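Open the model in a viewer and keep the sequence panel visible. The stops below can be taken in order.

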Amino acid sequence: MFDLIIRNANLTSGQSGFDVGISSGKITAIEKRLEGESGNEIDASGRLLSPAFCDPHFHMDATLSLGKPRMNVSGTLLEGITLWGELRPIVTKEELVDRALRYCDLAVSQGLLFIRSHVDTSDPRLVTAEAMLEVREKVAPYIDLQLVAFPQDGYLRAPDGVAALNRALDMGIEIVGGIPHFERTMEDGRASLEALCRIAADRGLCVDIHCDETDDPMSRHIETLAAQTIRFGLEGQVAGSHLTSMHSMDNYYVSKLIPLMAEAKINVIPNPLINMMLQGRHDTYPKRRGLTRVRELMDAGLNVSFGQDCTMDPWYSMGSADMLEVAHMGIHATQMGSIEDKKKIFDAITLNSARTMGLEKYGLNVGCNADLVILQASDVIEALRLKPTRLFVIKGGKVISQTPPRISSLSIEGRPDSVDSGSDFVPETL
C-alpha cells in the first residue's frame, strides 16, 4: 500500500516508463511495473519526473521591491546597492514578510522547493533578519529556506557591521556571509575573510561569500577564501558565489587558482541571469559575458551550482522563480550546448545545488524524500529547451501545486488540431 504512485514517468537518468511509489513522504519503490495499491495515482504519461529544483543563491529580503524607491537607471550593481541602501532604513518587517511569502508562492508553482537566501545585516535594526526568520518558519511545511547573514555594505566597512552580523547569527541565521570586494581595501577584504571563516569554524557553521563580483581581474579574494577554508578546516562547507572576476583573469593565473579551489573543495555558485545583466557594463565591444569559468571549474571536479540571485528588485527587473530559466541562460552564456553539457547544467539546478546546500535524502532514488516535480517535457534536454509547465509539484509525497498542460488548439486546414510543445517536437535522435 502506497500513499501515492506516479505511473509511467521518465527519470532524469534517461530511463523511461517507470512507476514511483511513495510512502510516508519517502520514495519507497521505483520499478517498471509497480504492483500495489495507492490512495492516489498520477499518470505521468511519459513526462519527466525530477527532484524539485534548488536555488542556492537568492535575496529574499529584496525580492519584488522593483521600483522602490525608484528604478535602477544605469542597470549597474553599484546603483542597485545604492537603491537598496535607500530602501532598507524605511522598510518594515510586515512588508518584508509579505513580499517573501508571495515570492515563495511563485516558487512553489515553479517546482522550486529549496532556497538559500542572503539576509542583509548592514542595518543594525536587523529588521530583515527578524522578517526572514519568520518567513523561514512560515514556509517550512513546503519550502526548505536557508538563511545567510550577509553584510551587504561590508563586514568591516559598515558601521556596526561586525556586531550586527554576530547578532544575526545569535538570532538563528545559520550561514556566515561576506562581500570582501566591497570592503575599503584589498587588505580589508582579506581580513574580513579571515574573520568570517574563523567565526564559522568557532560556531560550526557553513560559509557563503559574495566573492569577486566584479570585472576587475585583480580582484582575487577567491584565492584568500580557498586558503582560509583550508586553514580553518572548512573544506566542502564554503561557497564562493558569483566569482565573475574569473572571466577577466589571465589563463595562467587561473591555471593555478582552480587547483587551489579544488583542494579547498569550494562550492561554486554562478548566477547566470544577474551576471549576464550586471557585468561588462563598462565594456563597449568586445563585451565580456560576465559569467565565471563554469566549464573549466566543472572539468576540475568542483561542485558548480546555479543560483537565481534576484527577482524584480533593485538589481534585476526580471525573474520568475524559474530555475530552468536560469539554466537556459547558463547554457547560452557558457556555450555548453552538447547533450552531455546540458545534463551537467541540469545537475547545476538540482543535484549540485542540493550538495551545496547540504540537503539530506535529496534525489530520485529509493529512500530519498519525495520532493518532486513532473514537467511537460520528456527528458532533461527538452526541459532545458522549453522551460515547460510544472504539471505537478510534490512535497513530502503530497501534491502542493498543479498546473494544466499547455496545449494549443489549432484551426488550420490540413494541419493537426493541437500542438503540445512538450512532446510533439522531441528529435527522434534523442
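The tour goes from the cysteines to a helix pair, then to a buried helix and a strand residue.

This is a predicted model, in which local features need pLDDT of at least 70 and side-chain atom pairs count only at pLDDT 80 or more, while totals for chains, interfaces and linings use all residues. Residues are numbered from 1 along each chain as its sequence is written, and side-chain values use heavy atoms, with hydrogens and water left out.

**Cysteines**

Select the cysteine sulfurs. How many disulfides does a search of the whole structure find? The search finds zero, a disulfide being a pair of cysteine sulfur atoms within 2.5 Å. Go to Cys104: its sulfur is 14 Å from the closest cysteine sulfur, which belongs to Cys54, and that is too far for a bond. Cys197 is likewise in no disulfide, and the nearest cysteine sulfur, in Cys211, is 9.9 Å away.

Now colour by accessibility, where buried means under 20% relative accessible area, exposed over 50% and partly exposed in between (1.4 Å probe, protein chains only). Cys104 counts as buried because its relative accessibility is 0%. Cys197, at 1%, also counts as buried.

**Helices 5 and 6**

Stay with Cys197 and show residues 186-203, helix 5, together with residues 221-231, helix 6. Helices (H or I, at least four residues) and strands (E, at least two) are DSSP runs, numbered from the N terminus. The two axes are 9 Å apart and at an angle of about 30°; axes are lines fitted to C-alpha atoms, for helices over the stretch in contact, and angles run from 0 to 180 degrees between N-to-C directions. Helix 5 and helix 6 are therefore roughly parallel (angles under 35 degrees).

Next, display the side chains between them. From helix 5, Met186, Gly189, Arg190, Leu193, Glu194, Cys197 and Arg198 meet His221, Thr224, Leu225, Gln228 and Arg231 of helix 6. Contact means heavy atoms within 4.5 Å.

**Helix 1**

Select residues 77-87, helix 1. Its buried residues are Leu77, Glu79, Gly80, Ile81, Leu83, Trp84 and Leu87. To see what covers them, add elements including strand 7 (112-120), helix 3 (127-139) and helix 8 (272-278).

**Ser418**

Finish at Ser418 in strand 18, residues 418-420. Is Ser418 buried or partly exposed? Ser418 counts as partly exposed, because its relative accessibility is 34%. Measure from its C-alpha atom to that of Ser408, ten residues away along the chain: the separation is 5.4 Å. Beyond neighbours within four places in sequence, Ser418 is in contact with Ile407, Ser408, Ser409, Leu410 and Asp424.

Terms used: Parallel < 35°, antiparallel > 145°, perpendicular 65-115°, else oblique.
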